Amino acid sequence: MAKLLLLLLPGLMIVGAVHGIFMGRLASKKLCADDECVYTISLARAQEDYSAPDCRFINIKKGQQIYVYSKLVKENGTGEFWAGSVYGDLHEDEMGTVGYFPRNLVEEQHVYQEATKELPTTVSFSEMAREGLLE
């Protein structure tokens, strides 16, 4: 049985890699300070530890500072998430990583600029083709 499992394991890994794992969108729109969402909106401090459930999110530790780049527009039945990167002397392995985190786990410390640009969170290839963005 163990030999059979060892023979099948590489095939299962390939199937998983080819098909991928579907992850639903957290929101269809986000608020940013600029059209590319690269300017910092605010600085927040983590009030609790948070372990990322998948690759879209970042791990944060209580007390860590987070630069906020965008705020997802809350939709029916979803939580409120922001996107940012962690910063601070502790937990250096997480510094510079950008991802989402729940808004309710942080306290906004300083607002640098208002998030007034409402943008779509993702654009599909068919939407890009329809808009003439693909050649």
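## Cysteines and the disulfide

C55 is exposed, its relative accessible area being 67%. With 50% as the limit above which a residue counts as exposed, that value puts C55 in the exposed class. Keep in mind that this is a predicted model.

What about the disulfide? The structure has one, and it links C32 to C37 with an S to S distance of 1.8 Å. The torsion about the S-S bond of C32 and C37 comes out at about 75°, so this disulfide is right-handed. Both ends are tucked away: C32 has 0% relative accessibility and therefore counts as buried, while C37 has 12% and also counts as buried.

C37 has a backbone quirk too. The residue sits in the loop between β1 (29-32) and β2 (42-46), and its phi is positive, about 60°, even though C37 is not a glycine. For context, most residues other than glycine have a negative phi.

## Strand β1 and its neighbours

β1 has two faces. K30 and C32 make up the covered one, and K29 and L31 the uncovered one. That fits the usual picture, in which side chains of a regular strand alternate between the two faces of the sheet.

Which strands does β1 pair with? One partner is β7: the two run antiparallel and are joined by four bridges. Here C32 has K117 of β7 as its bridge partner. Another partner is strand β3 (residues 65-72), which also runs antiparallel to β1, with three bridges between them. On that side, L31 is matched with K71 in β3. Both of these lysines, K117 and K71, turn up again as salt-bridge partners.

## Salt bridges

The count comes to four salt bridges. One of them pairs K117 with D35, the closest N and O atoms lying 3.6 Å apart. K117 is in strand β7 and D35 in the loop between β1 and β2, so the pair ties together parts that are 82 residues apart in sequence. In terms of accessibility, K117 is partly exposed at 35%, and D35 is partly exposed at 49%. Note that D35 is in the loop between β1 and β2, the loop where C37 is found.

K71 bonds with E108, and here the closest N and O atoms are 3.0 Å apart. K71 belongs to strand β3 and E108 to strand β6 (residues 106-111), so this salt bridge connects parts that are 37 residues apart in sequence. Is K71 buried or exposed? Its relative accessible area is 17%, so K71 counts as buried, the limit for that class being under 20%. E108 is partly exposed, with 27%. A further salt bridge joins R56 to D54, with 2.9 Å between the closest N and O atoms. R56 has 23% relative accessibility and counts as partly exposed; D54 is partly exposed as well, with a relative accessible area of 23%.

## Aromatic rings

Searching the whole structure gives four aromatic pairs. One is W82 with F101, an edge-to-face arrangement with 6.4 Å from centre to centre and 80° between the planes. Why edge-to-face? The 80° between the planes is over 60°, so the pair lands in that class. W82 is in strand β4 (residues 81-87) and F101 in strand β5 (residues 98-102), so the contact ties together parts that are 19 residues apart in sequence. W82 and F101 are both buried.

W82 has a charge for company, too: the charged end of K71 sits over its ring, 4.3 Å from the ring centre. So K71 is a residue to click on: besides sitting over W82, K71 forms the salt bridge with E108 and is the bridge partner of L31. Elsewhere among the aromatics, one cluster is made up of Y50, F57, F81 and Y100.

## A threonine in a loop

Last stop: T121, which lies in the loop between β7 (117-120) and α2 (125-130). What does its side chain reach? The backbone oxygen of A27, at 2.7 Å. T121 is buried, with a relative accessible area of 16%.

Terms used: Residues numbered from 1 in each chain as written. Predicted model: local features only at pLDDT ≥ 70, side-chain atom pairs only at ≥ 80, totals over all residues. Heavy atoms only, no water. Disulfide = S-S within 2.5 Å. Buried < 20%, exposed > 50% of the residue type's maximum accessible area, 1.4 Å probe, protein only. Phe/Tyr/Trp six-rings, centres within 6.5 Å; stacked < 30°, edge-to-face > 60°. Lys NZ or Arg CZ within 6 Å of the ring centre and 35° of its normal. Polar contact = N/O pair within 3.5 Å; in protein donor to acceptor, adjacent residues only side chain to side chain. Pairing = 2+ DSSP bridges. Salt bridge = Lys/Arg side-chain N within 4 Å of Asp/Glu carboxyl O.
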